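Colleague: I am new to reading structures, and I would like to learn how such labels are justified. Could we go through this one together?

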Amino acid sequence: MSPEFLQFLMSGLTVGAVYALVALGFTMIYNASDVINFAQGEFVMIGGMVTVFAAAAGLPLPLAAAAAITSAVVTGLLLHRLAIEPARGAAPVVLIIITIGGALLIRGIAQVVFDKQFHKLPGFSGDQPVNVFGASVVPQAFWVIGGAAVIVLLVTLFFERTLLGRAVLATAANRLAAQLVGIDVSVVMALSFGLSAAIGAIAGLLITPITLTSYDVGTMLALKGFAAVVLGGLGSAAGAVAGGLILGLCEAMAAGYISSSYKDAVAFLVMIAVLLVMPRGLFGAAHVERV
Amino acid sequence: MACEKIFEDLKKRNLTKIAMISGTDGFGKSMRDECVKVNARFGIEIVAEENYGPRDTDMTPQLTNIRGKNPQAVVNPGFGQGPAIVTRNYRQLGLTAPLYQSHGVASKQFIELAGEAANGVRLPAAALLVADKLPDSDPQKKVAADYAKKFTDTAKQPVSTFGGHAYDGLMILAGAIQRGGADPKTIRDEIERTKGFVGTAGIFNMTPADHMGLGLEAFKMLEIKGGDWALAE
């Protein structure tokens, strides 16, 4: 492997890991509620911005990170309680539009509470790049990739090994049946909003040292994360992760080997090609159709 | 004009093979086009050209390709946070050729975002950024220093050239109204007659054909040293 290839690979994996985390957040909420939560990018923004401002106010990094995750979870729960829950009888499309409104509101509040400037955070393990077989990588990239891996593992364990996780899966499979066996669907939905907010916030605070942050970084991330979800298959956690990584790698490889002018186009072409062959996305076939 | 200033500096340093990495936003694109128009006149060859989207978060693939072409200098026409990420990625990849940014990053925020990586970056910008470092003989010294003081006292943040441009524009307009009254036509004519107006961005000499009124000497070549602006010459 040439050092150039490794450089592109690391870049693609880092960016892809972030898309994967955003996509995972989409998936959790979609599974519990059929809603595609377009405020997912805002959770990422809150994660980055609150960490930056809490750290600037003198909090040590772990506490600032905890404050950021807490703020995002509270925002997620409020979004569910104040916007989604009151409209629970409405069609998913209506709820999706509500989340877009929620995203705009959160972005607006962030503009006032914080500011409109870009902010940075020092790397958790310094900013001195390390040499990986000829590729030059900032240590923060390992935090992002490792953090994403740990979260994916925890989420998988949560769904497969805990009663609560299974309750979420049951709600996803059939809401009425879940209610009949005594699962409080409303609690499950609140839980999924809280969890996906936490995942988003962790993604946000992990990437800020690399990508910088501002009140409006969420828009682009939500778009790319959503593309990853569609590519991987709506509703599949494995698909979300695969979709995110593929999208990130496509962008980096296209920028490296084809042309940086067309890197987004290449990523989206791959997506269209996959969807033509597999209309439900890479991992979508296993998903049960609900009528 | 920014390109000409950069190319002039490159020529002085005998750097003739350059690479460009441009933002695809309006500013980056139009400056890139200007650069490609004038590079031959300065005997400068562009050996590699890359792009990045205004919201991109990682430019290492593009810079890896640039590194492979061994340019003697790299120019980054861009605006906003993109150039800060380019600068950080540039140092991450261990590129050592001089890096030129544009007046699109002429605010302290760029230095803050790029951090250590910003040191050594050169850019053409208005004298305002180095108001306190201008020689006393410089005709802009007083205007720039007064504006810088007023701005930092009021806004409690470091000056950027962007606010300076608005200030110059307002002063030119005010001057035109004072001379000719508030009739739209005379305002226009008086603005076009503005000569020798000393602003934060340079000394303006307007004509009916030239509505910018600045010459190449209005740009100072700055270098970022120890996290602050310094005059490169």
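Modeller: Gladly! Keep in mind that this is a predicted model. Let's begin with the lining of the largest cavity: by class it has 11 nonpolar, nine polar and one charged residues. Its 21 lining residues include Ser11(A), Thr14(A), Val15(A), Ile210(A) and Asp58(B), which lie nearest the centre.

Colleague: Why is Val15(A) called a lining residue of the largest cavity?

Modeller: A lining residue must have an atom within 4 Å of a cavity point. Val15(A) is listed in the lining, so it meets that cut-off.

Colleague: Which helix gives the largest share of this lining?

Modeller: That is H1(A), with seven residues. Helix H4 (82-92) of chain B also supplies at least two. The space in this cavity comes to about 210 Å³.

Colleague: What makes Asp216(A) and Arg55(B) a salt bridge?

Modeller: The rule asks for a side-chain nitrogen of Lys or Arg within 4 Å of a carboxyl oxygen of Asp or Glu. Here the closest N and O atoms are 3.3 Å apart, so the pair qualifies. Across the interface of chain A and chain B, the rule finds two salt bridges. On the side of chain A that touches chain B, H1, S2, H8 and helix H10 (237-258) each supply at least two residues.

Colleague: How do you know that chain A and chain B are in contact?

Modeller: Contact means heavy atoms within 4.5 Å. By that test, 27 residues of chain A touch 22 residues of chain B. Together the two chains bury about 2200 Å², 49% of it on carbon and sulfur atoms.

Notes:
Residues numbered from 1 in each chain as written. Chains lettered and ligands numbered in written order. Predicted model: local features only at pLDDT ≥ 70, side-chain atom pairs only at ≥ 80, totals over all residues. Heavy atoms only, no water. 1 Å grid on protein atoms, 1.4 Å probe; cavity = no way out; pocket = protein on both sides within 12 Å on 5 of 7 lines; lining within 4 Å. Points joined across faces, edges and corners; volume = space filled by probe spheres on them. Helix = DSSP H or I, 4+ residues; strand = E, 2+ residues; numbered from the N terminus. Nonpolar A, V, L, I, M, F, W, Y, C, P; charged D, E, K, R; others polar. Buried area = accessible area lost by both parts, 1.4 Å probe.
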